[in-house]
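Got your viewer open? Let's walk through this model one selection at a time, and keep the selection box handy.

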Amino acid sequence: MMGTIFDIKRFAVHDGPGIRTTVFFKGCPLSCQWCHNPESIDSKPVCIKKTSKLNGREFVNDEMIGYKVSPDALFDELKKEQVFMEESSGGVTFSGGEPLLQHEFLFEMLQLCKAQAMHTAVDTTLFSSWEIVARMAEATDLFLVDLKLIDDQMHQVYTGVSNTVILKNIRKLVSGNVPVRIRIPMIPKVTTTPENIAMSIAFLSELKGGIEAVDLLPFHNTANEKYKRFHLDNQFMGRHSLKKEELTTIKNQFQEAGFTVKIGG
Ligand code: SF4
């Protein structure tokens, strides 16, 4: 089955252990207001206008975001970095977008990697049916699971969907055999409020045994340019990242609750 992806990032060091190649799948059922990959949300390839300047003249070109690829063709791409993956205990991370939206293609990719002993991670929101999550758990080595907001109403406001199925799937997943790292985006005044941090710690503390680590992902304004290019409304334009001391305070709170914590992926 063909898949639709929009990018391949080589030599990634924040998407799981070691040196990794990260594949970005197209399509996401969420619409987080701070999304750093807004071009990933539409599940189909899209054509955008790209403006560039040369010698004072402005040029407008069409640029396709996303393309279809077969499992074998993508695997050939992944194999190019296999030696670096092996030497660094790294592997491949399937991200997005939401990779579980293309679960048949994802499953094929996981099986191809497994057959070559290539370590895999699935970076997901878990906004999916449990049957799909459980099937992927049979084939991957690691889950990187986004946890954004515990309050369901807030979750709906900021991501467009309820978190009920997400929290339910996290509970089930951590009681299985596949390691889970929880990744919390540090979105100022949204996910980093004292209330959300306290509720996140309380929720995860119930599951502690099954969580390998908690990653606190700093918010960056790097997507501003993309929002401009795609003519999208950027509600987080100009919002500042948390200061180092603020991130450290949150890190300490998780550590005091007994978690292994890292700032960054
Ligand atoms: S889950 Fe990730 S890719 Fe999807 S909208 Fe949110 S930030 Fe963007």
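Start with the lining of the largest pocket: by class, 16 nonpolar, 14 polar and 11 charged residues make it up. Keep in mind as you click around that this is a predicted model. The space in this pocket comes to about 1,100 Å³. Out of 41 lining residues, select F24, H36, N37, R183 and L217, which are the closest to the pocket's centre.

Now switch to cartoon and colour by element. Which elements each supply at least two residues of that lining? Pick out β1 (3-12), β4 (57-65), β7 (120-124), β9 (180-186), β10 (211-218) and α8 (224-229). The biggest giver is β1, with three residues in the lining of the largest pocket.

**Next: the ligand**

Where does the ligand sit? Show it as sticks and you'll find it in the largest pocket. For its surroundings, select C28, L30, S31, C32, C35, S40, I41, G97, T125 and K148. Sort that shell by class and you get five nonpolar, four polar and one charged residues.

**Then: the second pocket**

The second largest pocket has a volume of about 210 Å³. It is lined by 15 residues, and the ones to zoom in on are P38, E39, I41, F230 and L232, the closest to its centre. I41 may ring a bell, since it is also among the residues surrounding the ligand. By class, this second lining has 10 nonpolar, two polar and three charged residues.

**Something enclosed**

How many cavities of 30 Å³ or more does the structure hold? Just one, with a volume of about 80 Å³. To see what wraps it, select Q33, W34, C35, H36, F219, H220, N221, A223, N224, Y227, N234 and F236. Two of these names have come up already: C35 is also in the shell around the ligand, and H36 is also listed by the centre of the largest pocket. The cavity lining has six nonpolar and six polar residues, with no charged ones.

**Zoom out**

Clear the selections and look at the whole chain. There are nine helices and 11 strands to trace. The C-alpha trace spans about 55 × 45 × 35 Å along its principal axes. Is that chain compact or extended for 265 residues? A compact globule with that many residues would have a radius of gyration near 18 Å, and the chain's 19 Å agrees with this. To finish, colour by burial: 50% of the 265 residues count as buried.

Terms used. Residues numbered from 1 in each chain as written. Predicted model: local features only at pLDDT ≥ 70, side-chain atom pairs only at ≥ 80, totals over all residues. Heavy atoms only, no water. 1 Å grid on protein atoms, 1.4 Å probe; cavity = no way out; pocket = protein on both sides within 12 Å on 5 of 7 lines; lining within 4 Å. Points joined across faces, edges and corners; volume = space filled by probe spheres on them. Nonpolar A, V, L, I, M, F, W, Y, C, P; charged D, E, K, R; others polar. Near = heavy atom within 4 Å. Sits in = over half its atoms within 2 Å of the grid points. Helix = DSSP H or I, 4+ residues; strand = E, 2+ residues; numbered from the N terminus. Rg over C-alpha atoms; globule rule 2.2 N^0.38 Å. Buried < 20%, exposed > 50% of the residue type's maximum accessible area, 1.4 Å probe, protein only.
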